[in-house]
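Dear colleague,

I am passing on the structure we talked about, and below it I have set down what was found in it. Please look through the model first and then read the notes alongside it.

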Amino acid sequence: MLVEHMTWEEYRDEVARRIIILPVGSLEQHGPHLPLNVDVVIPTSLAKTVCEELDGMVLPPISYGYKAQGGGQLFPGTTSLDGTTLINLTLDILRETYRHGGRRFLVLNGHYENTAFVTEAVELFGRAVNDATVVILSWWDQVSDEMVDELFAEAGFPGWELEHAAVTETSLVQYFAPELVREDRILDDQSERMPKYSVFPPPDDTLPKSGVPYKATHASREKGEQLAKHVVDAIVQIARQEL
Ligand code: ZN
Ligand code: MN
């Protein structure tokens with residue numbers, strides 16, 4: 001199911017039949033306890049699990065994303081693409097896979113700031129072909145209100161915009177790739193102020209010093225497992241309905 005591990009003949013025989021999942025992430029700071037590739041690990045792991053339940057194949061992920069907002073760009077390691085680069089990269093991958101026979105696509109996004117650019121790529125792709133279907137989804141949009149209430153019973157839900165390197169992302173990495181988590185460096189943090197507008201360059205007091213804007217100590221492997229199963233079920237249902 002991992003395209004990068006298939007031979008060309010295996011690929012040729014499967015590409016038209018299977019749902020093709022493209023994970024899209026970022027190389028971005030995720031606090032002192034998580035690696036830079038969290039936004040890649042999560043959608044790629046979800047995609048692999050989805051393929052255990054339906055006929056799919058997973059393309060190599062896009063490992064860079066659009067620029068992190070809210071000060072993320074100021075941290076060493078956050079290495080981002082211009083919008084036009086992300087649009088063209090996504091479009092090239094869709095076109096090439098289509099050329100080989102792929103017709104049913106699921107773009108699985110793990111980095112909030114990618115959304116508009118990935119959508120633009122799919123819009124441009126759809127202008128050129130009329131017999132392909134593409135679903136674009138971000139994993140956090142598939143989390144039900146009930147699941148949010150359950151996961152944030154103690155911490156309180158701050159809104160998805162602050163759920164960066166905090167409860168959900170930390171829990172999911174603890175579940176999918178525990179070897180990547182620096183357990184002794186998990187912390188709660190926040191910025192001094194959170195304006196509802198953007199200032200460029202971002203003032204110091206609008207970003208948390210650690211890179212963690214909320215309570216990562218409320219994360220757990222159990223929450224990660226519960227959340228992963230919930231999101232995988234939702235994605236499988238979406239794929240069955242739309243593709
Ligand atoms: Zn993230
Ligand atoms: Mn991100």
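**Helix packing and the metal site**

In this predicted model, α6 and α7 are roughly perpendicular to each other, because an angle between 65 and 115 degrees counts as such and the two helices pack at about 90 degrees, with their axes 7 Å apart. Helix α6 covers residues 167-176, while helix α7 covers residues 221-242. On the α6 side the contact is made by V167, T168, S171, L172, Q174, Y175 and F176, and on the α7 side by R221, K223, G224, E225, L227 and A228. Sorted by class, this contact has six nonpolar, four polar and three charged residues.

Helix α6 also takes part in the metal site, since E169 lies in it. Which atoms coordinate the zinc ion (ligand 1)? The donors are NE2 of H30, an OD atom of D39 and, listed twice, OE of E169, at 1.9 to 2.7 Å. The angles among these four donor atoms run from 53 to 137 degrees, and the site is classed as irregular. Along the chain the donors follow the spacing H-x8-D-x129-E, and the pair D39 and E169 links distant parts of the chain, with D39 in helix α2 (residues 38-53) and E169 in α6, 130 residues apart. Both D39 and E169 are buried.

D39 has a further role at this site, as it bridges the zinc ion (ligand 1) and the manganese ion (ligand 2), which lie 3.3 Å apart.

With best regards

Note on methods: Residues are numbered from 1 along each chain as its sequence is written. Chains are lettered from A and ligands numbered from 1 in the order in which they are written. This is a predicted model: local features need pLDDT of at least 70, side-chain atom pairs count only at pLDDT 80 or more; totals for chains, interfaces and linings use all residues. Side-chain values use heavy atoms; hydrogens and water are left out. Donors are N, O and S atoms within 2.8 Å of the metal (3.2 Å for Na, K and Ca); water is not among the atoms, so sites may look incomplete. Four donors count as tetrahedral if all angles lie between 85 and 135 degrees; four count as square planar and six as octahedral if opposite donors are over 155 degrees apart and all others between 65 and 115; anything else is irregular. Helices (H or I, at least four residues) and strands (E, at least two) are DSSP runs, numbered from the N terminus. Buried means under 20% relative accessible area, exposed over 50%, partly exposed in between (1.4 Å probe, protein chains only). Axes are lines fitted to C-alpha atoms, for helices over the stretch in contact, and angles run from 0 to 180 degrees between N-to-C directions. Angles under 35 degrees count as roughly parallel, over 145 as roughly antiparallel, 65 to 115 as roughly perpendicular and the rest as oblique. Contact means heavy atoms within 4.5 Å. Ala, Val, Leu, Ile, Met, Phe, Trp, Tyr, Cys and Pro count as nonpolar, Asp, Glu, Lys and Arg as charged, and the others, Gly among them, as polar.
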